[in-house]
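Here are my notes on the strands and sheets of this model. Please read them with the structure open.

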Amino acid sequence: TIVDPSAYFQTRLYEGNESTKSVDQDGNSDFEPDLVIIKNRDEDDSWVWTDSVREETNILYSDTTDDEDDDDDTLTAFESDGFALGADVKVNTNTENYCSWMWLESATAGFDIVADEGTGSAHTISHSLSSTPEFIIRKKRTSGSDDGWIIWHTDVGGANYYLNFDSGASDTSVNYWNNTLPTSSVFSVGASNGTNQSGKTFITYLFHSVDGFSKFGKYTGNGSEDGAFINLGFKPSAFIIKCTAAGTSWFIWDSARNTYNVMTGVLNMDTDDAETVRAPSHANEMCVDFVSNGVKMRNDHNDINGSSRTYVYAAWAESPFKTSTAR
């Protein structure tokens with residue numbers, strides 16, 4: 001069990017100043033992040049994904065299938081306790097509000113980043129996790145055919161299942177993951193251009209559950225206003241879900257933007273939409289509670305708690321259950 005989750009993951013809010021700016025962490029611990037995701041809460045700006053393997057100025061966008069941009073006015077440096085910014089509107093418009101999520105690449109925390117070049121032929125790729133990954137996000141960096149984000153989740157189905165960063169349903173392809181489950185040392189790619197186009201560069205983020213820190217799983221909606229409960233074993237800091245049916249986005253809640261229950265502020269990771277603030281007093285709204293050992297759905301909205309619908313999730317902790325306090 002990780003005693004202090006803030007040593008490996010933190011969510012940080014900040015206000016833009018349209019100039020240079022450092023965003024410092026405010027958890028119990030500090031670390032130099034290896035993956036930073038940023039979203040403008042106030043405007044319809046793209047999501048910015050940057051990591052230490054591709055270098056800080058190379059950005060990808062989860063709301064598009066576009067190839068990588070080299071933009072030296074977005075995130076300009078990873079720092080010992082956060083990151084530095086330029087003045088690009090996607091990350092630093094004056095007086096606008098932003099949210100950032102930061103991860104430390106660490107086998108202890110169940111997170112690895114792998115860069116490789118496609119071969120066009122099925123093969124395995126090594127990773128540095130100590131356990132089998134449960135959540136894999138893979139993106140082609142350079143333009144080609146089938147440029148979308150290809151995502152595997154341990155509970156979305158078997159080795160041939162995948163999701164995209166869009167509102168589509170889970171689907172199958174024997175070529176994306178070569179119909180082969182990942183192991184504690186490698187993951188597999190097939191002959192598909194989406195995961196292995198010859199001569200194209202790829203970036204892959206791999207995660208597995210760690211007691212008291214992270215969890216990747218699924219739940220079934222009950223279609224009731226007394227919604228489903230997801231037992232994580234910790235009080236969450238960030239919680240991402242996707243319904244495996246068509247027509248639903250990837251939604252993220254976090255305890256930085258929502259400091260008390262009911263949690264009404266939600267962002268869609270597959271669109272550039274600004275933050276939506278839901279009304280908990282209204283029926284069929286997308287509202288949740290973060291509690292000391294998990295997440296409680298507060299209503300019967302189809303996107304989060306439809307009857308008999310399956311949802312996959314990814315969660316990171318604010319504190320382990322044994323040290324959690326009520327919100």
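1. The model is predicted. Begin with strand 21. Trp-250, Ile-252 and Asp-254 point one way from this strand. Phe-251 and Trp-253 point the other way. All of these residues are buried.

2. Why is strand 21 largely enclosed by the rest of the structure? Strand 21 covers residues 250–254, and 5 of its 5 residues are buried, so the rest of the structure largely encloses it. Buried here means under 20% relative accessible area.

3. Strand 21 has strand 20, residues 234–243, as a pairing partner. The two run antiparallel, with 5 bridges between them. One pair to check is Ala-238 and Asp-254: the latter, in strand 21, is the bridge partner of the former. Asp-254 is also one of the buried residues named above.

4. Look next at the hairpin of strand 20 and strand 21. There are 6 residues between the strands. Gly-247 takes a positive phi near 90° in this hairpin.

5. Strand 21 also pairs with strand 22, residues 265–268. This pairing is again described as antiparallel, over 2 bridges. Which residue of strand 22 stands opposite Phe-251? That residue is Asn-268.

6. Now the open sheet of 3 strands. Its order is 2-8-7, and the pairing is antiparallel. Strand 2 (21–24) and strand 7 (75–79) are the edge strands, each pairing on one side only. From one strand to the next, the twist averages 20°.

7. Within that sheet, take strand 7 and strand 8. Strand 8 spans residues 82–85. It is joined to strand 7 by 4 bridges, and the two run antiparallel. Leu-75 faces a leucine across this pairing: Leu-85 in strand 8 stands opposite.

8. A further open sheet has 4 strands in the order 1-9-3-4, with antiparallel pairing. Strand 1 (9–15) and strand 4 (48–51) are at its edges. Each has a single partner strand, so one side of each lacks a neighbour in the sheet. Direction ignored, neighbouring strands here are turned by 20° against each other on average.

9. Inside the 1-9-3-4 order, consider strand 3 and strand 9. Strand 3 holds residues 35–40 and strand 9 holds residues 97–103. They pair in the antiparallel sense over 6 bridges. How is Lys-39 placed, and what is its bridge partner in strand 9? The partner is Cys-99.

How values were computed: Residues numbered from 1 in each chain as written. Predicted model: local features only at pLDDT ≥ 70, side-chain atom pairs only at ≥ 80, totals over all residues. Heavy atoms only, no water. Buried < 20%, exposed > 50% of the residue type's maximum accessible area, 1.4 Å probe, protein only. Pairing = 2+ DSSP bridges. Axes fitted to C-alpha atoms, helices over the stretch in contact; angles between N-to-C directions.
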